[in-house]
Amino acid sequence: MRDKDLYAQILGIKSPWQVTDVELVVSESTVTVHVGRDEKVAVCCPQCARASPGYDPRTRRWRHLDTCQYKTMLVAEVPRVRCEEHGVVTTSVPWAAPGSGFTALFEALVIDWLKEASIAAVSRLMGLSWNAVDGIMQRAVARGLLRREQHCVAHLGVDETAFKKRHDYVSIVSDQTTGHVLHVGSDRKKATLGAWYASLTPEQLASNTSISMDMWPAFINATLACVPEAENKIAFDKFHVAKYLGDAVDKVRREEHKMLMRQGDETLKGSKYDWPYNLKNMTLKRKRQFKALRESTLRTARAWAIKQLAMSLWHYTSKVWARKGWQQWLSWAMRCRLTPMKRVAQTLKTHLWGILNAIVLKVSNGPAEGINSRIKMIKVRSRGFRNKQRFANAIYFYLGGLDLFPATALRSDSPT
Ligand SMILES: [Zn+2]
């Protein structure tokens with residue numbers, strides 16, 4: 001097989017395009033594949049597909065997958081047309097997305113790599129600039145968002161995640177069934193979430209049965225204002241309730257530890273991570289040490305027991321019985337003489353309606369936890385983001401469940 005035919009097959013080049021020349025420069029470790037277009041075949045406007053008179057062509061280059069470690073470039077004269085409606089437009093080529101300096105297969109490979117490694121690592125590995133890899137990523141997200149179909153989501157999750165500084169947040173709306181992020185809002189204000197709800201159809205809003213969230217007033221108010229029957233859908237799920245209680249237990253521990261240390265008592269030293277930890281995941285030795293702590297008369301042990309009891313109140317199927325169970329817990333927690341616990345109990349009391357919704361709707365806390373920890377990993381991997389839009393796009397890239405690949409990359413045709 002001649003090299004021209006070989007490359008035509010590898011690249012999937014078909015009429016009216018053909019490989020006209022293959023140039024190998026050993027000293028530069030480069031293969032350049034020249035592609036030409038049959039001039040007898042009429043050119044069409046890429047926007048309206050109307051056959052239009054040609055205009056002077058443009059020489060364009062695309063980087064393709066390496067050939068045996070030889071950097072492989074595609075070069076072609078791409079015709080332009082003068083369309084009556086759209087003016088002078090460059091026609092599209094079957095091997096690359098418009099405006100990209102890479103063939104679709106090359107972009108697909110970069111996208112695959114980005115799923116495993118950071119932009120910095122991929123740019124090193126593929127010998128590309130950081131900006132080039134970033135450009136591929138941004139284009140992939142834009143393509144994915146454009147292709148995404150609006151569909152009904154039964155279980156929504158609304159959450160917040162810190163951007164850079166502690167008090168700068170973005171809001172995350174997710175599909176709790178698939179775990180996909182549907183929307184990243186630029187802050188956690190009522191109007192921002194409200195605008196997203198406003199983008200949904202009445203059918204989408206009505207088909208929704210639960211919306212799990214933390215007790216942030218802006219999220220609650222936006223949902224009450226925009227979603228029909230929201231008072232029966234808003235669910236303060238176990239994960240978020242556990243977080244409020246966990247923070248309170250930690251406050252009690254910190255205060256008590258300080259007090260004990262003043263008396264030279266180191267009982268609570270090094271126990272910070274035991275209290276919020278899942279007992280099931282502890283080593284036997286640690287479990288034994290922690291058992292002594294939590295069975296002690298420490299204030300922290302009392303706070304922990306209050307939290308644990310609340311965590312056991314999620315099995316109810318009836319709202320009536322759930323309310324009874326929680327009211328008992330609330331009256332105990334409100335009388336506990338541990339200020340941080342009392343404060344949380346007060347918050348939970350005013351939000352009991354949404355906790356009961358979460359219990360009877362059987363809203364799982366898995367998706368929220370999963371998304372949170374994956375966003376943390378994205379932040380660690382990227383070592384921060386220049387702005388919120390980039391942060392949002394990274395979240396869409398990794399967690400959006402989007403179809404990211406260029407349409408022209410027939411992945412089954414991939415030579416790898
Ligand atoms: Zn046109």
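A49 sits in the loop between β2 and β3 of this predicted model. Its backbone is worth a look, since A49 adopts a positive phi of about 65° although it is not a glycine. With a relative accessible area of 57%, above the 50% cut-off, A49 is exposed. A similar backbone feature turns up at R337, which also shows a positive phi of about 65° without being a glycine. R337 belongs to the loop between α11 (319–334) and α12, and its relative accessible area of 66% makes it exposed. A further backbone feature is the cis peptide bond between S15 and P16, with omega at about 10°. Here P16 falls in the loop between α1 (3–11) and β1 (17–25).

The loop that holds A49 also contributes to a metal site, as C45 lies between β2 (30–37) and β3 (54–67). The zinc ion is held by four protein donors, namely C45 (SG), C48 (SG), C83 (SG) and H86 (ND1), at distances of 2.1 to 2.3 Å. For orientation, the ideal angle for four tetrahedral donors is 109.5 degrees. In the model, the angles among the 4 donor atoms run from 104 to 115°, and the site of the zinc ion is tetrahedral. Along the chain, the donors of the zinc ion are spaced as C-x2-C-x34-C-x2-H. Because C45 comes from the loop between β2 and β3 while C83 belongs to strand β4 (residues 70–83), this pair ties together parts that are 38 residues apart in sequence. Burial was then examined for these two cysteines. C45 has 2% relative accessibility and so counts as buried, the cut-off being under 20%. C83 is buried too, at 3%.

On the scale of the whole fold, the protein chain comprises 15 helices and 10 strands. Its C-alpha atoms occupy a box of roughly 90 × 50 × 35 Å along the principal axes. The radius of gyration is 29 Å, whereas a compact globule of 416 residues would have a value near 22 Å. Of the 416 residues in the protein chain, 46% are buried.

Attention now turns to the empty space in the model. Rolling a probe the size of a water molecule over the atoms shows where such space is left. The largest pocket encloses about 2000 Å³. Its lining counts 49 residues, and those closest to the pocket centre are F239, A242, K243, Y244 and D247. Two or more lining residues come from each of β6 (155–162), α8 (238–262), α10 (299–311), α12 (339–350) and α14 (366–382). Helix α8 gives the most, with 13 residues. In terms of class, the lining of the largest pocket is made up of 19 nonpolar, 10 polar and 20 charged residues.

Enclosed space was searched for as well, and the whole structure yields 1 cavity of 30 Å³ or more. The largest cavity holds about 70 Å³. Residues that line the largest cavity include G157, V158, D159, I172, S174 and Q176, together with S212, H240, A368, I371 and N372. Elements β6, β7 (169–175) and α14 each give two or more residues to this lining. By class, the lining of the largest cavity has 4 nonpolar, 6 polar and 1 charged residues. Elements β6 and α14 thus appear in the lists for the largest pocket and for the largest cavity.

How values were computed: Residues are numbered from 1 along each chain as its sequence is written. This is a predicted model: local features need pLDDT of at least 70, side-chain atom pairs count only at pLDDT 80 or more; totals for chains, interfaces and linings use all residues. Side-chain values use heavy atoms; hydrogens and water are left out. On a 1 Å grid over the protein atoms alone, a cavity is a set of points where a 1.4 Å probe fits but cannot get out, and a pocket is an open set with protein on both sides within 12 Å along at least five of seven lines; lining residues have an atom within 4 Å of a point. Grid points are joined across faces, edges and corners, and a volume is the space filled by probe spheres set on the points. Helices (H or I, at least four residues) and strands (E, at least two) are DSSP runs, numbered from the N terminus. Ala, Val, Leu, Ile, Met, Phe, Trp, Tyr, Cys and Pro count as nonpolar, Asp, Glu, Lys and Arg as charged, and the others, Gly among them, as polar. Donors are N, O and S atoms within 2.8 Å of the metal (3.2 Å for Na, K and Ca); water is not among the atoms, so sites may look incomplete. Four donors count as tetrahedral if all angles lie between 85 and 135 degrees; four count as square planar and six as octahedral if opposite donors are over 155 degrees apart and all others between 65 and 115; anything else is irregular. Buried means under 20% relative accessible area, exposed over 50%, partly exposed in between (1.4 Å probe, protein chains only). The radius of gyration is taken over C-alpha atoms; the globule rule is 2.2 Å times the number of residues to the power 0.38.
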